[in-house]
Amino acid sequence: MNNDIMFMLEAIQLAKKGWYSTHPNPRVGCVLVKEQQVIARGWHQLAGQGHAEVNALKAAGENARGATAYVTLEPCSHFGKTPPCSDALINAGVAEVVVAMQDPNPLVAGQGIERLRKAGIPTRVGVLEQEAKALNRGFIKRMQSQASFIRCKMGVSLDGRTAMASGESQWITSPEARRDVQRLRAESSAILSGIGTVLADDPSLNVRDEQYLVKNIQPARVILDSQLRMSAQAKMLGLSGQTYIFTDQNKVIGSKALALKEQGAELIGLVLAGKRLDLTEVTKQLVRMQFNEVLLETGPTLSGAMLKAGLIDELVIYMAPKLMGDAGRGLFHIPDLDKMRDVFDLDIEDIRSIGPDIRMTLKVKH
């Protein structure tokens, strides 16, 4: 194996250690190498704390001088909550830097690489670039497209039903599938749902599997509730993690709003499109809140509207070996699909067994 690839693979594995804890920052790993031996390792662990390069340099101490740094993302060149990592590498006296991919953040976007080269440090870019991009799909999309990466999770029967005709839906999928959903929640910046789902199920929308919790970091909960029907006694309001309620801008004051705020909810007022929230404006607000990856957990109406609006990037479907009958509720409510030319095309990214169920991961073609 090429040595560059071998060392960058280790940096990528280090970056994955921050999978559940770095947002809104990217996941980044770094290894320092001398005489073909790794002398120090570092990764970004928590937003606001040291970046991968700084942590690796700290571990190496004076031994960093003359080393080659392998970094999964271009070292930053600006002052944020921490000083520029490109300066830290220069001051440490590294001999060479190998970067997997350029930073999509406009505040960096090649400037860190340029700063290293101007300091006389040879810097190579593009080693395992695609693998590095896979670490930060949400961050990359937010920086390049001003949109969060939105993944829609749903549990269905073999005949494509998400609930019985009566509305009963617990539980379609297995305990193994539900544990897997804990992982999806933990790697998301926010969980998005509609008020219909909240009123019907009173869900927690939190991470309960401790293996995915770092420093008890919970994803934010975002509830779309144009008419502010949310109950101040909703289960999620008594849990750790922030709950945001997107509602009509005219409803963010008053006794109902005050009761929700007293329970810890934060209300975000938006202009309605008719009687509903404008989903495009909703997604813009998610970006303003710096959410990289958003997990959509909701019913067929909101999920269908989001899909029709072209706002969903990926579907994660857990299919249980059950038949619920043709009177059951469907997967997506998308009216007016009459012709084959109107169908939504998907790319199958992955299919695997999760307990007795099948998990399908599909990319939405836009």
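In this predicted model, strand β6 (149–157) is largely enclosed by the rest of the structure, because 8 of its 9 residues are buried. Two parallel partners accompany β6 within its sheet. Strand β6 is joined to β13 by 4 bridges, the two strands running parallel, and within this pairing Cys152 has Leu296 of β13 as its bridge partner. With β14, strand β6 likewise pairs in the parallel sense, here over 7 bridges, and Val156 stands opposite Met319 of β14.

The sheet to which β6 belongs is open and is formed by 9 strands, whose order is β10-β9-β8-β7-β13-β6-β14-β16-β15 and whose pairing is mixed. Its edges are occupied by β10 (265–270) and β15 (346–354), each of which pairs on one side only. From one strand to the next, the twist averages 25°. At the β15 edge, strands β15 and β16 run antiparallel and are joined by 8 bridges, with Asp347 standing opposite Lys363 in β16.

Helices that lie across this sheet include α7 and α11. Helix α7 (residues 175–186) lies across β6, β7, β13, β14 (314–320), β15 and β16, and its direction runs at about 165° to that of β14. Helix α11, in turn, lies across β6, β7, β8, β13 and β16, running at about 135° to β6. Within α11 (residues 300–308), the buried residues are Leu302, Ser303, Gly304, Met306 and Leu307. These buried residues pack against strands β6, β7 (190–194), β8 (220–224), β13 (293–296) and β16 (357–364), and also against helix α10 (279–288). After α11 comes Gly310, a residue whose phi is positive, near 75°.

A second open sheet is built from 5 strands in the order β2-β1-β3-β4-β5, again with mixed pairing. Strands β2 (37–43) and β5 (123–125) each have a single partner strand, so one side of each edge strand is left without a neighbour in the sheet. Neighbouring strands of this sheet are turned against each other by 15° on average, when direction is ignored. Inside the sheet, strand β1 (residues 29–34) pairs with strand β3 (residues 68–71) in the antiparallel sense over 4 bridges, and the bridge partner of Leu32 in β3 is Ala69. Helix α1 (residues 3–15) packs on this sheet and touches β1, β2, β3, β4 (96–99) and β5, its direction making about 145° with that of β1. Helix α4 lies across β4 and β5, running at about 150° to β5.

Helix α4 also takes part in packing between helices, as do α2 and α3. Two packed helices are described by the angle between their axes and the distance between the axes. For helix α2 (residues 52–60) and helix α3 (residues 85–92), the packing angle is about 25° and the axes are 9 Å apart. Since angles under 35 degrees count as roughly parallel, this angle makes α2 roughly parallel to α3. The crossing in which α2 passes α3 is left-handed. On the α2 side the contact is made by Glu53, Val54 and Leu57, and on the α3 side by Cys85, Ala88, Leu89 and Ala92. The residues of this contact of α2 with α3 comprise 6 nonpolar, no polar and 1 charged.

Helix α3 packs in addition with helix α4 (residues 111–118), at an angle of about 20° and with the axes 9 Å apart; α3 and α4 are therefore roughly parallel to each other. The crossing of α3 and α4 is right-handed. Here the contributing residues are Ser86, Asp87, Leu89 and Ile90 of α3, together with Gly112, Arg115 and Leu116 of α4. The contact of α3 with α4 divides into 3 nonpolar, 2 polar and 2 charged residues.

Finally, a single loop residue may be considered. Asn136 lies in the loop between α5 (129–135) and α6 (137–145). With a relative accessible area of 6%, Asn136 is buried, because the cut-off for a buried residue is under 20% relative accessible area. When residues up to four places away in sequence are not counted, Asn136 touches Pro26 and Arg27.

Key
Residues numbered from 1 in each chain as written. Predicted model: local features only at pLDDT ≥ 70, side-chain atom pairs only at ≥ 80, totals over all residues. Heavy atoms only, no water. Buried < 20%, exposed > 50% of the residue type's maximum accessible area, 1.4 Å probe, protein only. Contact = heavy atoms within 4.5 Å. Axes fitted to C-alpha atoms, helices over the stretch in contact; angles between N-to-C directions. Parallel < 35°, antiparallel > 145°, perpendicular 65-115°, else oblique. Left-handed = near helix turned anticlockwise from the far one by under 90°. Nonpolar A, V, L, I, M, F, W, Y, C, P; charged D, E, K, R; others polar. Pairing = 2+ DSSP bridges.
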